[in-house]
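Take a moment to turn the model around on your screen before reading on. We will walk through it together, one piece at a time.

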Amino acid sequence: MDRPVITRFAPSPTGRLHLGHAYAAKVAHDLASHSGGKMILRIDDIDHTRCRAIYTAQIFNDLDWLGLN
């Protein structure tokens, strides 16, 4: 019996997402979706000197634009 896969995407909000981020998020999303699982978004704000709320908001906007919700 196949089990649902749970994946995660954990970008740091220290700048805008790039193509590598988009690819990693899409792979994680598709792997989880095809198995009936889910992708968890975890914002890794461990670098307090570079993390910005505007980048966190942009991560959500970019993922929505990519159709990864």
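Is R42 buried, partly exposed or exposed? R42 has a relative accessible area of 39%, so this residue counts as partly exposed. Keep R42 in mind, as we will come back to its partner later. Bear in mind, too, that what you are looking at is a predicted model.

Let's start with the overall plan. The protein has two helices and two strands, and if you follow the chain from the N terminus, these elements come in the order β-α-β-α. The C-alpha trace spans about 45 × 25 × 15 Å along its principal axes. There are 69 residues in the protein, and 25% of them count as buried.

Now look at the strands. Strand 1, residues 6-9, pairs with strand 2, residues 38-41, in the parallel sense, and four bridges join the two. To get from strand 1 to strand 2, the chain passes through helix 1, making a β-α-β crossover that is right-handed. If you would like a landmark in this pairing, find R8, which stands opposite I40 in strand 2. Contacts across the sequence are a theme here: take the contacts between residues at least 6 apart in sequence, and 76% of them join residues at least 24 apart.

What lies inside? The largest nonpolar core is made of eight residues: F9, L17, A25, A28, M39, I59, L63 and L68. Helix 1 (19-34) and helix 2 (53-65) each supply at least two residues of this core. This fits a broader pattern, because nonpolar side chains tend to be buried together in soluble globular proteins. Pick out A28 as one member of the core. Setting aside residues up to four places away in sequence, A28 touches T7, R8 and M39.

Right after A28 comes H29, which also lies in helix 1. Is H29 buried or exposed? Its relative accessibility is 16%, and because the cut-off for buried is under 20%, H29 counts as buried. Beyond its neighbours within four places in sequence, H29 is in contact with T7, M39, G67, L68 and N69. The side chain of H29 also makes a polar contact, at 3.2 Å, with the side chain of D30.

D30 leads us to the charged residues. How many salt bridges are there? The count comes to three. In one of them, K26 is joined to D30, with the closest N and O atoms 2.8 Å apart. K26 and D30 are four residues apart in helix 1, so about one helical turn separates them. Both ends of this bridge are partly exposed: K26 has a relative accessible area of 41%, and D30 has a relative accessibility of 22%.

Here we return to R42. This residue forms a salt bridge with D44, and their closest N and O atoms are 3.0 Å apart. While R42 is partly exposed, D44 is buried, with a relative accessible area of 19%. Another salt bridge links R50 and D47, whose closest N and O atoms are 2.7 Å apart. R50 is partly exposed at 48% relative accessible area, and D47 is partly exposed at 24%.

Definitions and conventions. Residues are numbered from 1 along each chain as its sequence is written. This is a predicted model: local features need pLDDT of at least 70, side-chain atom pairs count only at pLDDT 80 or more; totals for chains, interfaces and linings use all residues. Side-chain values use heavy atoms; hydrogens and water are left out. A nonpolar core is a set of buried Ala, Val, Leu, Ile, Met, Phe, Trp, Tyr and Cys residues joined through side-chain atoms within 4.5 Å. Buried means under 20% relative accessible area, exposed over 50%, partly exposed in between (1.4 Å probe, protein chains only). Contact means heavy atoms within 4.5 Å. A polar contact is a pair of N or O atoms within 3.5 Å; within protein, one must be able to donate a hydrogen and the other to accept it, and residues adjacent in sequence count only if both atoms are side-chain atoms. A salt bridge is a side-chain nitrogen of Lys or Arg within 4 Å of a carboxyl oxygen of Asp or Glu. Two strands pair if DSSP finds at least two bridges between them. A crossover is right-handed if, with the strands pointing away from the viewer, the path from the first strand over the helix to the second runs clockwise.
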